[in-house]
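Biologist: Got a minute to go through this fold with me? I'd like to take it piece by piece.

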Amino acid sequence: TWDLRRLGLPDQPKPRWLHFDPIPQPWLRELAKRWLRWKLGTGISASHAARQLLDLTAFAAFLATPTVGVNNLAGLSRGVLERYAAVVAAMSCTARRRSSYLATVHAFLLAIRQHRWDATLPADAAFYPEDFPKRPSLPPRHLPEFVMAQIEHPDNLARFGDPTSRLTTL
């Protein structure tokens, strides 16, 4: 458990603590600590670090299930990551949140490779852009024409008491 105030973060970071004990694998816990120490050094917020730790904890819980049974970093493969992506896809949360679960693990594995923290990470253990869930398209942000006609009607504009509100609407 880390007390973020003792790490030199700004006054009263929210959250104050990062708990690594829910990660059952010692090898993964140590890599997660190293990665988050590096990330905090690059300037991410304490809340962002806490969310990424939760994402890694979910990944660790998946790896600890008996059907997956990954006991070390060398046991991680593309097939295991595809199974994790399928588990994440079945979660009842937004596409953005599901994407966050995968993006955190992707960034974590990428940092392990870039900094050569553990050479046993297989080359095929990676996520690719097509693995991430598609985000639904957002609805248009304009007002429908019939609403604009009601707003711009002279009788409705006259109801504004403040002329700046009338001008802003126009």
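Modeller: Sure. Let's start in a loop: R116 sits between α4 and α5 (145-152). Keep in mind that this is a predicted model.

Biologist: Okay, is R116 buried or exposed?

Modeller: The cut-off for exposed is over 50% relative accessible area. R116 comes in at 74%, so it counts as exposed.

Biologist: And what is the phi of R116?

Modeller: Most residues other than glycine have a negative phi. R116, which follows α4, goes the other way. Its phi is positive though the residue is not glycine, with a value near 55°.

Biologist: Back into the helix, then. How far apart are the end C-alpha atoms of α4?

Modeller: Let's work from the expected span. α4 has 21 residues, and at 1.5 Å a residue these should span 30 Å. The model agrees with that, as the end C-alpha atoms are apart by 30 Å.

Biologist: Which elements cover the buried residues of α4?

Modeller: There is a fair list to cover: the buried residues of α4 include R98, Y101, L102, V105, F108 and I112. What covers the buried residues of α4 includes α1, α2 and α3.

Biologist: Let's take α1 and α4 as a pair. How are the two helices oriented relative to each other, roughly parallel or roughly perpendicular?

Modeller: Two packed helices are described by the angle between their axes and the distance between the axes. Here helix α1 (residues 26-42) and helix α4 (residues 95-115) have axes 11 Å apart and pack at about 85°. Angles of 65 to 115 degrees count as roughly perpendicular, so α1 against α4 is roughly perpendicular.

Biologist: How many charged residues are in the contact of α1 with α4?

Modeller: On the α1 side you have L28, L31, A32, W35 and W38, and they meet T104, A107, F108, A111, I112 and H115 in α4. Sorted by class, the contact has 9 nonpolar and 2 polar residues, and the number of charged ones is zero: there are no charged residues.

Biologist: Now the largest nonpolar core. Which element gives the largest share of this core?

Modeller: This core has 40 residues, and L63, L76 and Y84 touch the most other members. Two or more residues each come from α1, α2 (46-64), α3 (78-89) and α4. The largest share is 8 residues, and the element giving it is α2.

Biologist: Which residues does L76 touch, setting aside those up to four places away in sequence?

Modeller: L76 is one of the three core residues that touch the most other members. With residues up to four places away left out, its contacts are F59, L63, V70, L81, L109, L121, P122 and A125.

Biologist: How far is the C-alpha atom of A95 from that of L76?

Modeller: A95 belongs to helix α4 and is buried, at a relative accessible area of 11%. Outside its neighbours within four places, A95 contacts P133, K134, R135 and P136. A95 and L76 are 19 residues apart along the chain, and their C-alpha atoms are separated by 25 Å.

Biologist: Last one: which residues does Q25 touch, not counting those up to four places away in sequence?

Modeller: Q25 is in the loop between β2 (17-18) and α1. Buried means under 20% relative accessible area, and Q25 has 7%, so it is buried. Beyond four places in sequence, Q25 touches A60, L63 and A64.

Notes. Residues are numbered from 1 along each chain as its sequence is written. This is a predicted model: local features need pLDDT of at least 70, side-chain atom pairs count only at pLDDT 80 or more; totals for chains, interfaces and linings use all residues. Side-chain values use heavy atoms; hydrogens and water are left out. Axes are lines fitted to C-alpha atoms, for helices over the stretch in contact, and angles run from 0 to 180 degrees between N-to-C directions. Helices (H or I, at least four residues) and strands (E, at least two) are DSSP runs, numbered from the N terminus. Angles under 35 degrees count as roughly parallel, over 145 as roughly antiparallel, 65 to 115 as roughly perpendicular and the rest as oblique. Contact means heavy atoms within 4.5 Å. Ala, Val, Leu, Ile, Met, Phe, Trp, Tyr, Cys and Pro count as nonpolar, Asp, Glu, Lys and Arg as charged, and the others, Gly among them, as polar. A nonpolar core is a set of buried Ala, Val, Leu, Ile, Met, Phe, Trp, Tyr and Cys residues joined through side-chain atoms within 4.5 Å. Buried means under 20% relative accessible area, exposed over 50%, partly exposed in between (1.4 Å probe, protein chains only). The expected span of a helix is 1.5 Å times one less than its number of residues.
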